[in-house]
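Please open the model in your viewer and keep the selection panel at hand, since each stop below begins with something to select.

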Amino acid sequence: PPASGSNPDVEPINFVRAHYDSIQGRIVSEWRREPGSFELNVTIPPNTHGTVFLPCTSAESIRESGRPLDTRYARLLRFEGRCAVLVVEPGQYRFAATYF
């Protein structure tokens, strides 16, 4: 998401909801940014996997459905800048993390 002050002429967006109907099924992504936190809901269709970029301050701050990250279904690959890069199996996920 755009950071506060990244474009002084436009207020940053704080919420997005989108979907894409792929050949494997519907992919859904929706996120909300609050002061100090970021929430991301993702749906990955069957027989696929997804790569998720989650803005966060640390791996320890990431929660999925209120619990620490479960490496069986969502696995931390690396950090790129201020984002954790996760690979996720098919399913529905509710990520939350501490955000800058």
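The tour goes from the whole chain to the core and then to one residue in it.

Begin with the whole protein in cartoon view, bearing in mind that this is a predicted model. You will find nine strands and zero helices, so that from the N terminus on the elements run β-β-β-β-β-β-β-β-β. The radius of gyration is 14 Å, close to the 13 Å that the globule rule gives for 100 residues, and the protein is therefore as compact as a globular protein of that length. Reduced to its C-alpha trace, the protein spans about 45 × 30 × 20 Å along its principal axes.

Next, switch on the molecular surface, whose accessible area comes to about 6500 Å², with 50% of it belonging to carbon and sulfur atoms. Colouring by charge brings up 11 positive and 11 negative side chains, and the centres of these two sets lie 4 Å apart.

Now hide the surface and look for the residues that count as buried, which make up 26% of the 100 in the protein. Select Leu40, Leu54, Ile62, Val88 and Phe95, the residues with the most contacts inside the largest nonpolar core, a set of 17 residues. At least two residues of this core come from each of β3 (37–44), β4 (50–55), β8 (83–88) and β9 (91–98), and β3 gives the most, with four.

Finally, centre on Leu54: which residues is Leu54 in contact with, leaving aside its neighbours within four places in sequence? They are Phe38, Leu40, Ile62, Arg82, Cys83, Ala84, Leu86, Phe95 and Ala97.

Methods: Residues numbered from 1 in each chain as written. Predicted model: local features only at pLDDT ≥ 70, side-chain atom pairs only at ≥ 80, totals over all residues. Heavy atoms only, no water. Rg over C-alpha atoms; globule rule 2.2 N^0.38 Å. Buried < 20%, exposed > 50% of the residue type's maximum accessible area, 1.4 Å probe, protein only. Areas by Shrake-Rupley, 256 points an atom, 1.4 Å probe, with all protein chains shown as cover. Lys, Arg positive; Asp, Glu negative; His and termini not counted. Charge placed at Lys NZ, Arg CZ, Asp CG, Glu CD. Core = buried A, V, L, I, M, F, W, Y, C linked by side-chain atoms within 4.5 Å. Contact = heavy atoms within 4.5 Å.
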